[in-house]
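Thanks, everyone. Have the sequence and the model open, and I'll walk you through the packing.

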Amino acid sequence: MTFLKCNPHMALVGILAALCMTDCKSEDKQEVRQQSQITNFNQKWVAEFIEAYQALNQKPTLEAAELLFEATESMPIKNWDNYFMIATVFAANNENDKAFLALNKAIANGLRDSILLVTYPQLAPLRDDSSWNGVIANFTKSKAAYNRTIENPDLLKTLEDMWAKDQLALSEYQEAIQSLPESAGYEYYDKLFEPVEIRWEINKNKLDSIIQIYGWPGNRLVGAEGAKLAWAIPQHHPDVFFKEKCLKLLERAIQKKDVDPNHYAELHDRIARETWRKQTYGASMGEKAPYPIQDPVTVNKRRSILGLAEPIEIYALYHNINYNTPSVQQAEEGLRIAQEKAQYHYAKFEKFWNKKQIDSANNSIASAIRFYGDIDDEQLFAAALKLAQLENDRSKRISIKILKVLIWRKWEKRESILTKKEFKSLHDGPEWLAIKQLLSRSKA
């Protein structure tokens, strides 16, 4: 989902998320196909796939589609989305036979959305072809075979209904904020966002009930589509402790080969992002680059061990990002620069706070935080203490967010939050009750 820049709930209610987006710029970029750091994946098909995918994105020619088709055929785990995209290019170039071949490949590799198949505009040239009925018959047969593998179709319908209501609440929120003036404060957005938060809480409680009865709803129980819907619910809910509970269940399901390992990687790295730590698998993407990665040199080794289908270079391409894993020297230099910048912005925050230049102080602490892990817990706590003392709504919101992150991290001194007089100004707000509840839960 896409949120407007003025929306304070951007990136799922993270107050600082818009300011924490990494803007890392890679200098001295080389062609991705020359990348030598792709480990634990077959470098030949990876290089061919990247070259073909980039070519198709630049200009959807018949030649580029044919190259991507061949590269996709070499993938150890096929991706139906690639075949579907290739089919649209073949269709646009009047290569109907090739388009039908690609569509049937998509069906064989997991295309199960009938509405997408029969309404996608770029497939319109194929629907008058005599072979179209064969594609529909193939889809129907494949979908029926897939449905027979689902142990609990009623539970699948429950998950589909939960997700549909999630999406409806978000779309209604998006529509509602269009009428707000640009000068509208956080309180107006908060009020309009309440139905979304209520829906997320309902879905969380329903998923908890499902887990208590069935365990994690994986591929065998509700099919691959249902398992994906189950995973999406903690992705949306802002409670990191709930996310961590689901992550443990996903880890067990991976061991049984009952879920897509992408679900584990993306939730794992989402937790890292929401607690301002560096991610492990490179599964969380910003606008121009992945969010900061712990030991980026070996990220593809970790991805391969987990069972992910592609290296980060290809995963990034799916998000319209050209990314090269760095060399050891580049990674060390990047880490040094990030640490220096984080401390530089933190020092600026303290300077502006002392001068009571509130907006600059808020911006500086947000800039320091965005480096994910290069500001330690003690510094974060000191910043929260300072921000709470300012008569500024944004400062207090950032202070509350910092406290939540420290509790989610299970910082060893988190109990001192309740004893500090600097936080007295926060006590009357509803978020303080949430802080106290989080502290209680963090002891479990």
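I'll cover the cores, the aromatic rings, two backbone oddities and one helix.

A word first: this is a predicted model.

Start with the cores. The largest nonpolar core has 82 residues. Which of them touch the most other members? They are L207, W216, I402, L403, I417 and F423. Helix α12, residues 240-255, gives the most to this core, with 9 residues. Take I402 as an example. Leaving out residues up to four places away in sequence, I402 touches W276, I369, L380, A383, A384 and L387. There is also a second, separate core, of 36 residues. Among its members are F84, F100, L126 and V135. As general background, nonpolar side chains in soluble globular proteins tend to be buried together.

Now the aromatics. How many aromatic pairs does a search of the whole structure find? It finds 15. I'll show two.

W45 and F49 come up now. Their rings are edge-to-face, 6.4 Å centre to centre, with 85° between the planes. Both residues lie in helix α3, residues 43-58, and because they are 4 residues apart there, about one helical turn separates them. In general, an α-helix has 3.6 residues a turn, so residues three or four places apart point the same way. Buried or exposed? W45 and F49 are both buried.

Next, F69 and Y83. This pair is edge-to-face too. The centres are 5.7 Å apart and the planes make 70°. Here the pair links distant parts of the chain: F69 is in helix α4, residues 62-73, and Y83 is in helix α5, residues 80-92. In sequence, 14 residues separate them. F69 is buried, and Y83 is buried as well.

Back to W45 and F49 for a moment. Together with Y53 and Y318, they form one aromatic cluster.

Rings also meet charges. The charged end of R112 sits over the ring of Y146, 3.8 Å from the ring centre. The charged end of K204 does so over the ring of F242, at 5.2 Å from the centre.

On to the backbone. Most residues other than glycine have a negative phi. N94 is not a glycine, yet its phi is positive, about 60°. Where is N94? In the loop between α5 and α6, the latter spanning 96-108. N94 counts as exposed, because its relative accessibility is 65%, and the cut-off for exposed is over 50%. K356 is also not a glycine and has a positive phi of about 60°. K356 is in the loop between α16, residues 328-354, and α17, residues 358-369.

Last stop: helix α18, residues 377-388. At 1.5 Å a residue, its 12 residues should span 16 Å. The end C-alpha atoms are 16 Å apart, so expectation and model agree. At the start of α18, a side-chain oxygen of D376 comes within 3.1 Å of the backbone nitrogen of E378.

Why is α18 described as largely enclosed by the rest of the structure? Because 9 of its 12 residues are buried. Those are Q379, L380, F381, A383, A384, L385, K386, L387 and A388. And what covers the buried residues of α18? The cover includes α16, α17 and α19, residues 393-408. Now recall I402: L380, A383, A384 and L387 were among its contacts, and each of those four appears in the buried list for α18.

That's the tour. Over to you.

Technical notes:
Residues numbered from 1 in each chain as written. Predicted model: local features only at pLDDT ≥ 70, side-chain atom pairs only at ≥ 80, totals over all residues. Heavy atoms only, no water. Core = buried A, V, L, I, M, F, W, Y, C linked by side-chain atoms within 4.5 Å. Buried < 20%, exposed > 50% of the residue type's maximum accessible area, 1.4 Å probe, protein only. Helix = DSSP H or I, 4+ residues; strand = E, 2+ residues; numbered from the N terminus. Contact = heavy atoms within 4.5 Å. Phe/Tyr/Trp six-rings, centres within 6.5 Å; stacked < 30°, edge-to-face > 60°. Lys NZ or Arg CZ within 6 Å of the ring centre and 35° of its normal. Expected span 1.5 Å × (residues − 1). Polar contact = N/O pair within 3.5 Å; in protein donor to acceptor, adjacent residues only side chain to side chain.
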